[in-house]
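Grab a pencil and have the model open beside you. Here are some exercises, each with a solution worked through in steps.

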Amino acid sequence: PPFALRENDAREFRFVETALKSMADGGILFAIVPMSVMAEGGTWRKDTLLAHHTLLAVLSLPEELFYPVSNQTVAVVVRRGTPHPKAQRVFWGRIVHDGFQKSKSRRLPSPSTAPNDLNTIASSFRDFLIDPKRAVTSVPEFIRVTPIDYADQILELVPEAYLESRVPDLSQLMARLDEQVRENVVSFVDIDLRHGTISDTIIDAARTAPKKNAPVVTSVSKFGRFSIDSLFDLQAGDYHALGDVETGSVPIASCADTRNGIAGFYAVPSDHIYKDALTIAFNGWPLTTKLHPYEFAAKDDVAVAIPKDDLPPEALVFIQATLNHERWRFSYYRKCFMGKLRSIQLELPVKSDGTLNTEFMVSAVRA
């Protein structure tokens with residue numbers, strides 16, 4: 001306990017229920033449970049956990065904490081016997097480095113110089129449990145104290161749904177964009193060499209393109225928050241099983257990570273063809289985002305993101321890199337689907353009037 005056996009139909013939250021029933025009112029429960037207990041479904045969390053008890057804190061733990069058992073886990077802290085007040089602040093934390101690393105089927109002390117997140121978070125975590133009204137400084141992608149979002153229909157109670165994104169400094173931003181541009185070029189060249197069926201191919205374009213001096217970016221723009229839904233029309237891909245689709249000349253994008261997600265080339269009707277759009281994975285590594293500056297179709301394991309405005313290709317690359325950075329929010333144990341995708345807030349460059357600063361995005365990607 002609290003991990004159910006595979007051949008058993010018991011659910012992990014039953015262990016939590018049993019523990020709470022054995023406690024006195026006002027007692028505090030600390031339990032480590034699979035992330036699915038706090039991320040999937042929602043009925044138990046709403047009708048049992050929050051209806052009768054107060055959630056104080058949730059910490060995401062390292063993915064390989066129980067290696068070689070593969071399971072993402074979270075630590076939960078619950079006060080027994082008082083229904084959760086909607087204004088109650090909850091401590092959300094994300095532990096990535098705990099001082100150990102996987103080595104030859106064991107977890108051994110890590111020589112890494114990365115700080116131990118458990119040590120870093122311990123003081124503010126203890127202080128909050130003693131006094132939940134105490135001010136706690138938010139740290140993007142690490143710590144945040146905020147009430148539960150009851151507008152969330154599935155009532156996810158995991159830090160990945162509440163932590164804020166980190167606004168990159170100039171060096172972090174340029175490294176992120178450099179990596180994204182390189183990945184895109186590798187993917188496009190791979191498709192070109194394998195198939196050579198996409199017009200205006202990358203290789204031919206590179207041979208004939210005039211040489212230009214890249215702009216120099218010396219300062220970072222101010223950033224603001226944008227929902228994906230405000231920038232793109234989102235829709236699921238049209239194809240599920242490709243075995244029933246005849247081969248042809250149109251690439252179909254999937255959630256696969258290699259070859260820009262292209263699963264093959266098929267005969268596709270014109271109303272299922274997109275161009276100059278992004279695909280965002282629901283499965284595989286959720287939120288993995290690919291750029292498709294060519295005609296393509298899509299499987300239903302990805303969302304097709306069609307720009308609402310006429311965004312230049314460099315802006316699409318910038319947004320693609322930002323989405324790929326946000327993959328830390330999802331995993332095999334916390335899936336992404338359309339409802340979650342629409343609610344994601346991206347930190348993007350803005351002008352003084354708060355509108356999207358596409359000029360900065362273009363300059364940064366070209367640099």
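## Exercise 1: two cavities

The second largest cavity in this predicted model holds about 30 Å³ of space. Find out what lines this cavity, then do the same for the largest cavity.

**Solution.**
Step 1. Start with the second largest cavity: its lining is Ser-165, Arg-166, Pro-168, Arg-176, Thr-322, His-325, Glu-326 and Glu-347.
Step 2. Sort them by class, and you get one nonpolar, three polar and four charged residues.
Step 3. Now go to the largest cavity, with about 40 Å³ of space. Around it sit Val-16, Val-33, Val-37, Met-38, Trp-44, Leu-49, Val-76 and Val-78. The elements giving two or more residues to that lining are α2, α3 and β3.
Step 4. Sort again: eight nonpolar, no polar and no charged.
Step 5. Check that you haven't missed any: the whole structure has two cavities of 30 Å³ or more.

## Exercise 2: the two sides of a helix

Take helix α1, residues 12-21, and work out which residues are buried and which are exposed on the other side.

**Solution.**
Step 1. Buried means under 20% relative accessible area, and exposed means over 50%.
Step 2. Glu-12, Phe-13, Val-16, Glu-17 and Leu-20 of α1 are buried. These five lie on the same side of α1 because they cover an arc of only 150° around the axis.
Step 3. Turn to the other side of α1, and there are Thr-18 and Lys-21, both exposed.
Step 4. What covers the buried residues? The cover includes β1 (28-34), α2 (35-39), α3 (43-52) and β3 (73-79).

## Exercise 3: a small sheet

Work out the strand order in the open sheet that contains β10, and say which strands stand at its edges.

**Solution.**
Step 1. Three strands make up this sheet, in the order β11-β10-β14, with mixed pairing.
Step 2. The edges are β11 (262-266) and β14 (297-298); each has a single partner strand, so one side of each has no neighbour in the sheet.
Step 3. Look at β10 (residues 247-253) and β14: they run parallel and are joined by two bridges. Ala-253 is opposite Ala-298 in β14.

## Exercise 4: the largest pocket

Which elements line the largest pocket, and which one gives the largest share?

**Solution.**
Step 1. The largest pocket holds about 1,100 Å³ of space. It has 26 lining residues, and those closest to its centre are Val-181, Val-185, Glu-314, Val-365 and Arg-366.
Step 2. Two or more lining residues come from each of α5 (170-194), α6 (202-208), α8 (313-325) and α10 (358-366).
Step 3. The largest share, seven residues, belongs to α5.
Step 4. By class, the lining has 19 nonpolar, two polar and five charged residues.

Note on methods:
Residues numbered from 1 in each chain as written. Predicted model: local features only at pLDDT ≥ 70, side-chain atom pairs only at ≥ 80, totals over all residues. Heavy atoms only, no water. 1 Å grid on protein atoms, 1.4 Å probe; cavity = no way out; pocket = protein on both sides within 12 Å on 5 of 7 lines; lining within 4 Å. Points joined across faces, edges and corners; volume = space filled by probe spheres on them. Helix = DSSP H or I, 4+ residues; strand = E, 2+ residues; numbered from the N terminus. Nonpolar A, V, L, I, M, F, W, Y, C, P; charged D, E, K, R; others polar. Buried < 20%, exposed > 50% of the residue type's maximum accessible area, 1.4 Å probe, protein only. Arc of directions from axis to C-beta. Contact = heavy atoms within 4.5 Å. Pairing = 2+ DSSP bridges.
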